[in-house]
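Visitor: Hey, got a minute to walk me through this one? I'd like to start with a helix and go from there.

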Amino acid sequence: MATSYLTAISSLCAKSLNKNYFPSILNFAIHQRSLLCTSVQQSVAQELTQENSQQIGQSVEDESPIDNPSLETEAPGNMASNQLVLKPKAASSQSGPTLINDPVAQKFINCMMYDGKKSLSRRIFNEALETMKKSQIEKQGSNAEQSKIEMDPMKIFHQAIENAKPIIGVQTIKRGGKSYQVPIPLKEQRRYFLAIKWFITIARSGKEHGMSKKLAKEFLNAYNNEGGVIKKKIELHKVAESNRAYAHYRWW
């Protein structure tokens, strides 16, 4: 088509007697040829996009959810939309069927776990929180100053752990053939470990029936700076205080 345009225009120019019209006619021919090329390119691009969209649609229809497990079928309410929904990720090993998502609580549950029975340990911890809540509700009904009574069992648990954490401990160091109990400051991780360990050992050695009830009792006592866990903390501080003369053995 472009060649026919050029031949017609060239013949017209050859027949024209006035040579002043030739540049304008040649510019017109070049403009028409450029328009023709752009239209051809646009039509080819449209055909390519249509073919690609048809191939993608056929591949999506042929692909089933069993063949591709990363995709999910459409929801009933979104049948009109062609959007694909990704499957949710699996839950982490630390989470479970509980409303508690606290790192300190999870650490306590893992330390209390025995023989790999984490569900039992989690259930005992949840029952201890329920027992604390019930005892605080009973105390609130019998006490006139109700605003001073803490009703959140998780706040009681965290405050009990904070009250039970020791600040300083002792370490056995040999110097000159003798062993000395040298006082050293404890790291934060060690302080948490000792507090959790004391709660579990004292609750297990209690004479009452039910681990959850004994745990709840120790939590409430430690919340009020009372009980066997606070006694262990004070005893450790006394041992460190009595051996403060050997503190220089940490460096020498």
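Guide: Sure. Keep in mind that this is a predicted model. Take α4: it has 25 residues and spans 37 Å from its first C-alpha to its last, close to the 36 Å expected at 1.5 Å a residue.

Visitor: Okay, and which residues in α4 are buried?

Guide: Among them are Ile124, Phe125, Ala128, Leu129 and Met132. Some polar or charged ones are on the list too, including Lys118, Ser121, Arg122 and Gln136.

Visitor: What covers the buried residues of α4?

Guide: The cover includes α3, α5 and α7.

Visitor: Let's talk about the core. How many residues are in the largest nonpolar core?

Guide: It has 34, and the residues with the most contacts inside it are Phe108, Met112, Phe125, Phe157, Phe199, Leu215 and Phe219. Two or more residues come from each of α3 (103–112), α4 (118–142), α5 (153–164), α6 (188–204), α7 (211–223) and α8 (228–242).

Visitor: Which element gives the most to this core?

Guide: That's α6, with eight residues.

Visitor: There's a lot of Phe in that list. Which ones form one aromatic cluster?

Guide: Phe108, Phe125, Phe157, Phe199 and Phe219 do.

Visitor: Zoom in on Phe199 for me. What does phenylalanine 199 touch?

Guide: Leaving out residues up to four places away in sequence, Phe199 touches Phe108, Ala160, Ile161, Ala164, Leu215, Glu218, Phe219, Ala222 and Val229.

Visitor: Switching topic: how do strands β1 and β2 pair?

Guide: They're antiparallel, with eight bridges between β1 (residues 168–175) and β2 (residues 178–185). Arginine 175, for one, has lysine 178 in β2 as its bridge partner. The two strands make a hairpin with two residues between them, and glycine 176 in that turn has a positive phi of about 65 degrees.

Visitor: Back to rings, then. How many aromatic pairs does the structure hold?

Guide: Nine. In one of them, tyrosine 180 and tyrosine 246 have ring centres 4.8 Å apart and planes at 45 degrees, so that pair is tilted. It links distant parts of the chain: tyrosine 180 is in strand β2, while tyrosine 246 is in the segment after α8, 66 residues apart.

Visitor: Is tyrosine 180 buried or exposed? And why does tyrosine 246 count as partly exposed?

Guide: Tyrosine 180 is buried, at 16% relative accessible area. Tyrosine 246 has 31% relative accessibility, and the partly exposed class runs between the 20% and 50% cut-offs.

Visitor: Last one: what lies over the face of tyrosine 192?

Guide: Lysine 165, at 4.2 Å from the ring centre.

Notes. Residues are numbered from 1 along each chain as its sequence is written. This is a predicted model: local features need pLDDT of at least 70, side-chain atom pairs count only at pLDDT 80 or more; totals for chains, interfaces and linings use all residues. Side-chain values use heavy atoms; hydrogens and water are left out. A nonpolar core is a set of buried Ala, Val, Leu, Ile, Met, Phe, Trp, Tyr and Cys residues joined through side-chain atoms within 4.5 Å. Buried means under 20% relative accessible area, exposed over 50%, partly exposed in between (1.4 Å probe, protein chains only). Helices (H or I, at least four residues) and strands (E, at least two) are DSSP runs, numbered from the N terminus. Contact means heavy atoms within 4.5 Å. Two strands pair if DSSP finds at least two bridges between them. The expected span of a helix is 1.5 Å times one less than its number of residues. Rings of Phe, Tyr and Trp (its six-membered ring) pair if their centres lie within 6.5 Å; planes under 30 degrees apart count as stacked, over 60 as edge-to-face and the rest as tilted. A charge sits over a ring if NZ of Lys or CZ of Arg is within 6 Å of the ring centre and within 35 degrees of the ring normal.
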